[in-house]
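The exercises that follow are to be worked with the sequence and the model side by side. Each task is followed by a solution in steps.

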Amino acid sequence: MTPFAARIGRTRPAATFAMAARARALRAAGHNVISLAIGEPDLPTPPHVIEAAHRAALAGDTRYPPIAGTEALRAAVATKFSHDQGRAVSAKDVLITNGGKQAIFNAVMALIEPGDAVIIPAPCWAGYIQVVEFAGGVPVFVPCPAAAGFRLDAGALEAAITPRTKLLLLNYPNNPSGAIADTPMLAGVATVLRRHPQVMVISDDIYEHLIFEGDHHTLATATPDLVNRILTMSGVSKSYAMTGWRLGFCTGPADWLAAMTLVQGTATAGVSTISQAAAVAALEGPQDLLAERRTMYRHRRDLVIAALATAPGLACSRPEGAFYAFPSVTGLLGRTSPAGRPLYTDDDVAGALLDEALVATVPGSAFAMTGHIRLSTAAADPILTEATGRIVRFCEGVQ
Ligand SMILES: Cc1ncc(COP(=O)(O)O)c(C=O)c1O
């Protein structure tokens with residue numbers, strides 16, 4: 001056996017991709033599977049964005065990029081952050097990354113020593129657990145249950161902080177719950193953070209444009225006195241349907257960004273120039289598509305929530321943002337599936353739903369909150385209608 005580094009033993013493939021792979025295998029075997037496992041827009045990248053990439057390539061924008069990003073894109077992102085945060089953010093305060101995921105990777109690798117504690121409100125995106133464990137950090141989950149609107153309680157945050165705590169990971173709108181941050185929550189979090197100056201924050205705003213009720217609130221805007229401890233990241237993947245272009249960005253304290261740029265320079269020679277040209281077009285081009293797509297995703301959310309409300313054993317709160325539903329399945333546990341399989345856990349429910357109802361979902365255990373399953377609502381109406389119909393029939397058949 002090759003003696004791989006210990007960090008390889010600490011990481012594992014994301015459950016979302018594992019479920020999607022199981023769905024693909026069933027489909028290849030001739031089954032009519034619907035996969036709601038992966039969270040990505042089903043819509044095309046806007047044509048003007050693709051045209052900008054094409055033009056850039058033809059114009060010879062095909063050499064190694066600056067590691068931190070092209071001047072044009074850093075300037076466009078700086079304009080966006082200046083507008084969002086109501087303060088002057090300049091191009092040198094911006095790092096362009098290979099997807100939002102690499103912004104988080106760079107930030108964690110730059111900051112976390114083995115044994116450092118990282119507070120993660122749960123449920124959370126599975127990618128956080130992966131990267132924190134890869135760096136040797138210790139994820140400390142703070143449960144944010146459905147009854148609390150999946151929002152972070154300041155008292156629970158305070159109780160979780162120890163002298164080893166180095167980082168807090170915030171993500172609103174949240175994957176998988178769809179919860180958004182509100183002003184009282186951010187004020188409570190800020191009060192706690194002021195008492196613990198050693199704790200840095202990553203604010204993952206990747207779903208910032210997918211908000212169905214209310215406005216987007218983010219920590220850096222709510223608490224200008226804390227901006228030198230907050231890394232705010234986002235990207236074009238979800239907002240502009242550009243997951244495959246691998247383009248994320250962030251702003252934060254200069255020393256943290258410099259350390260992250262070193263990590264990025266160690267791992268890659270920066271981000272594809274073609275994707276960066278495309279992202280400039282996305283950010284500087286017409287923005288009406290954001291509102292149009294938001295309306296469409298809201299309609300899909302409503303369709304899914306209404307259908308799931310009729311499923312015996314499921315209880316689904318109304319996501320305020322992102323494109324997921326995260327129903328509780330506890331009403332099905334301790335019972336048996338229509339084909340007679342015992343349902344002890346959310347993993348059992350997701351497994352039985354895939355094998356018996358041919359719908360791929362992801363168990364809540366992958367998001368550090370058992371007793372739930374996650375469905376992506378980023379699919380066309382007929383697909384969502386068929387998938388939720390299958391789920392309802394499955395639940396009706398549970399004994
Ligand atoms: C909460 C959250 N953060 C970050 C990402 C990564 O985004 P990207 O595709 O830009 O790397 C995702 C993708 O699923 C996500 O759900």
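**Exercise 1.** In this predicted model, determine how α4 and α11 are oriented relative to each other, roughly parallel or roughly antiparallel.

*Solution.* The two helices turn out to be roughly parallel to each other, and the steps below show how this follows. Two packed helices are described by the angle between their axes and the distance between the axes. For α4 and helix α11 (residues 273-284), the axes come within 9 Å and cross at roughly 30°. Angles under 35 degrees count as roughly parallel, and therefore α4 and α11 are placed in that class. The sense of the crossing, in which α4 passes α11, is left-handed.

**Exercise 2.** Identify the residues through which α4 and α11 meet, and sort them by class.

*Solution.* On the α4 side, the residues are A72, L73, A76, V77 and K80, and they meet Q276, A279, V280, L283 and E284 of α11. Sorted by class, this contact has seven nonpolar, one polar and two charged residues.

**Exercise 3.** Establish the strand order of the seven-stranded open sheet, and find where α4 lies on it.

*Solution.* The order is β2-β8-β7-β6-β5-β3-β4, and the pairing is mixed. At the edges are β2 (94-97) and β4 (138-143), each of which pairs on one side only. The partner strands β3 (residues 117-122) and β4 run parallel and are joined by six bridges, with A117 standing opposite V138 in β4. Helix α4 (residues 71-85) lies across β2, β7 (230-235) and β8 (248-251), and runs at about 120° to β2.

Methods: Residues are numbered from 1 along each chain as its sequence is written. This is a predicted model: local features need pLDDT of at least 70, side-chain atom pairs count only at pLDDT 80 or more; totals for chains, interfaces and linings use all residues. Two strands pair if DSSP finds at least two bridges between them. Helices (H or I, at least four residues) and strands (E, at least two) are DSSP runs, numbered from the N terminus. Two residues are in contact if their C-beta atoms, placed from the backbone, lie within 7 Å. Axes are lines fitted to C-alpha atoms, for helices over the stretch in contact, and angles run from 0 to 180 degrees between N-to-C directions. Angles under 35 degrees count as roughly parallel, over 145 as roughly antiparallel, 65 to 115 as roughly perpendicular and the rest as oblique. A crossing is left-handed if the near helix is turned anticlockwise from the far one by less than a right angle, and right-handed if clockwise. Ala, Val, Leu, Ile, Met, Phe, Trp, Tyr, Cys and Pro count as nonpolar, Asp, Glu, Lys and Arg as charged, and the others, Gly among them, as polar.
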